[in-house]
Amino acid sequence: MNPDWDLYLDAMTEGGEMPRPRRRADVLAAALARRPAAARVPRYAAPYAARVSALDALLGALGEDDHRRVAVEGWTVQELVVHLLATDGLLARAVGAPAADPPSGTEDAVARTVELIRAERGRPPGETRSRWREQARALCAHLCEAGEEAAGRRVSAGGLRMRLGDHLTQRAFETWIHTDDIGRVMGLPVPLPVPEHLNPMAGLVARGLRLVAPRPGRLLRLELTGPGGGVWDVPLSRGAPPPGRVPDAVIVTDVAEFCFLVSGRRDPASFEAVLSGDTELAREVLAAAPALSGP
Amino acid sequence: MRAPVHDAERDRSLHRRLVGGDETALAEVYDLFSSLVLGLASGVTRDRAAAEDVAQEVFVSLWERPFAYDPDRGTLRTWLGTLAHRRAVDWVRAEERRRARSARRAGPEEAPGVEDEVLAADEAGRVRNAVAALPGGLREVIELAYYRGLTYRQVARDLGLPEGTAKSRIRLGLRRIAAMLAEEPT
């Protein structure tokens with residue numbers, strides 16, 4: 001870097017001009033008028049609200065034609081947004097939040113997406129984006145009213161029956177991965193979610209491993225490193241492991257990379273992880289992990 | 001100089017929060033860099049109100065389009081500084097055009113255009129003049145840190161100073177330079 005410029009920046013950082021205190025509130029208000037902050041929601045839905053805000057900001061950086069580019073799995077950017085709208089709509093309906101899309105007979109996320117893609121065809125991408133954003137906002141507003149306690153309620157939506165908190169974590173995960181897909185095709189790197197948001201997503205996929213790699217009586221330790229990581233002892237069948245039980249196999253890997261593996265964005269064969277214990281079992285789990293996520 | 005305040009990890013974390021729509025991250029960015037952005041904009045525009053508008057536009061722009069900044073490609077400080085500088089130069093040019101138009105209406109005299117390079121050279125000259133005008137002890141540490149690219153630790157070693165003294169002399173030198181740059185150019 002040019003030393004004069006570097007010195008100039010440092011001098012201004014150290015002793016530039018002190019802005020008048022009331023300007024701070026003006027600047028923040030002007031910023032929020034142009035892009036709202038993530039929706040205020042109960043804690044369990046905060047990762048979802050943040051991912052909605054991130055995707056909306058990314059979509060705002062795209063031109064009209066960019067929405068027609070194929071992002072992933074043969075779906076264009078606009079169709080991916082329809083997919084998120086469809087899946088968020090299924091959850092909204094299940095919890096009694098207002099749904100932006102017309103009612104439908106199907107509970108399947110992909111079938112619902114296909115229906116909605118047909119309905120959205122020919123519409124300007126900006127309208128699809130608004131509809132998706134309105135659906136997300138309506139869901140967040142509903143959760144805000146339901147409060148923190150609703151997290152433990154069991155809800156069936158999109159073919160999954162689990163706690164509402166887990167549904168929201170799953171919606172956050174999917175919204176993040178598709179935001180990353182869109183960023184990738186646009187050449188705009190999408191930063192990882194903050195560690196406090198990444199952690200519950202990693203926990204949810206860790207707990208889900210028994211669904212794709214059931215091994216009765218076996219216990220896997222998943223040690224996910226990096227900000228937002230943690231250690232999860234995952235029984236590969238129903239039920240909690242007896243306390244103090246030594247895991248049969250251990251997988252140590254980066255938390256974000258593991259999330260990308262589970263979402264089918266990494267090849268299990270070349271996936272970087274340190275395996276110990278029953279490495280055969282660990283490799284089977286890694287190979288099965290991508291099956292955990294749909295499109 | 002790579003001073004410890006330019007923390008790449010901090011920038012990355014702030015950027016994650018900005019992208020996720022966390023308005024408290026914008027408030028932190030503002031508190032860290034408003035003096036830099038306003039100082040730069042004032043230095044270029046020589047107009048307090050215009051500089052405040054430029055500063056506002058810079059922070060709003062980061063919030064509205066957080067993907068325009070990529071922490072892998074540079075620090076937030078450089079990105080904000082560059083954007084503030086560019087917007088301030090745009091303002092000066094628009095102002096020059098406006099003056100030129102009213103000058104044409106008033107008489108034959110044309111205002112000179114402001115070119116980016118001229119302005120940049122002018123600013124670099126003012127920075128160097130400010131360094132030259134520093135008292136010897138401060139000038140020495142600034143020259144080592146910026147024109148010889150030493151870290152403050154190396155500066156301390158070279159001059160046989162305690163690290164804390166080297167660091168505080170660099171900061172004092174930076175503040176003096178900022179004060180000199182804030183004065184009207186002669």
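**Exercise 1. Two helices from two chains**

Work out the handedness with which helix 2 of chain A passes helix 3 of chain B in this predicted model, and describe their contact.

*Solution.*
Step 1. Start with the handedness: helix 2 of chain A passes helix 3 of chain B in a right-handed crossing.

Step 2. Now look at the geometry. The axes of helix 2 (residues 21-34) of chain A and helix 3 (residues 48-64) of chain B cross at roughly 40 degrees and come within 9 Å. Helix 2 of chain A and helix 3 of chain B are therefore oblique to each other.

Step 3. Next, find the residues that touch. Helix 2 of chain A brings Arg23(A), Asp26(A), Val27(A), Ala30(A), Ala31(A), Leu32(A) and Arg34(A), while helix 3 of chain B brings Glu52(B), Asp53(B), Gln56(B), Phe59(B), Val60(B), Trp63(B) and Glu64(B).

Step 4. Sort them by class: this contact of helix 2 of chain A with helix 3 of chain B has seven nonpolar, one polar and six charged residues.

**Exercise 2. Another pair across the chains**

At what angle do helix 1 of chain A and helix 8 of chain B pack?

*Solution.*
Step 1. Helix 1 (residues 3-15) of chain A and helix 8 (residues 163-182) of chain B have axes 8 Å apart and pack at about 90 degrees. Angles from 65 to 115 degrees count as roughly perpendicular, and that makes helix 1 of chain A roughly perpendicular to helix 8 of chain B.

Step 2. See who meets whom. Among the residues of helix 1 of chain A in this contact are Leu7(A), Tyr8(A) and Met12(A), and helix 8 of chain B offers residues including Arg171(B), Leu174(B) and Ile177(B).

Step 3. Sorted by class, the contact of helix 1 of chain A with helix 8 of chain B has eight nonpolar, one polar and four charged residues.

**Exercise 3. The whole interface**

How many residues of chain A are in contact with chain B, and what area is buried between the chains?

*Solution.*
Step 1. Count the residues: 48 in chain A are in contact with 53 in chain B.

Step 2. Take the area. About 4800 Å² is buried between chain A and chain B, with carbon and sulfur atoms giving 60% of that area.

Step 3. Add the charges. Side chains of opposite charge can pair when their charged atoms come close. Between chain A and chain B there are 10 salt bridges. Arg20(A) forms a salt bridge with Glu52(B), and their closest N and O atoms are 2.4 Å apart. You have met Glu52(B) already, in the contact of helix 3 of chain B with helix 2 of chain A.

**Exercise 4. A link within chain A**

Which parts of chain A does the pair Glu73(A) and Arg265(A) tie together?

*Solution.*
Step 1. Check the pair: Glu73(A) and Arg265(A) form a salt bridge, with the closest N and O atoms 3.7 Å apart.

Step 2. Place both residues. Glu73(A) is in the loop between strand 1 (70-72) and strand 2 (75-76), and Arg265(A) is in the loop between helix 9 (255-262) and strand 8 (274-277), so the pair ties together parts of chain A that are 192 residues apart in sequence.

Step 3. Look around Arg265(A). Leaving aside neighbours within four places in sequence, its contacts are Val72(A), Glu73(A), Ile177(A), His178(A), Asp181(A) and Phe260(A). Take Ile177(A): Arg265(A) and Ile177(A) are 88 residues apart in sequence, and their C-alpha atoms are 8.7 Å apart in space.

Step 4. Finish with the wider count: the whole structure has 44 salt bridges over all chains.

Conventions:
Residues numbered from 1 in each chain as written. Chains lettered and ligands numbered in written order. Predicted model: local features only at pLDDT ≥ 70, side-chain atom pairs only at ≥ 80, totals over all residues. Heavy atoms only, no water. Contact = heavy atoms within 4.5 Å. Buried area = accessible area lost by both parts, 1.4 Å probe. Salt bridge = Lys/Arg side-chain N within 4 Å of Asp/Glu carboxyl O. Helix = DSSP H or I, 4+ residues; strand = E, 2+ residues; numbered from the N terminus. Axes fitted to C-alpha atoms, helices over the stretch in contact; angles between N-to-C directions. Parallel < 35°, antiparallel > 145°, perpendicular 65-115°, else oblique. Nonpolar A, V, L, I, M, F, W, Y, C, P; charged D, E, K, R; others polar. Left-handed = near helix turned anticlockwise from the far one by under 90°.
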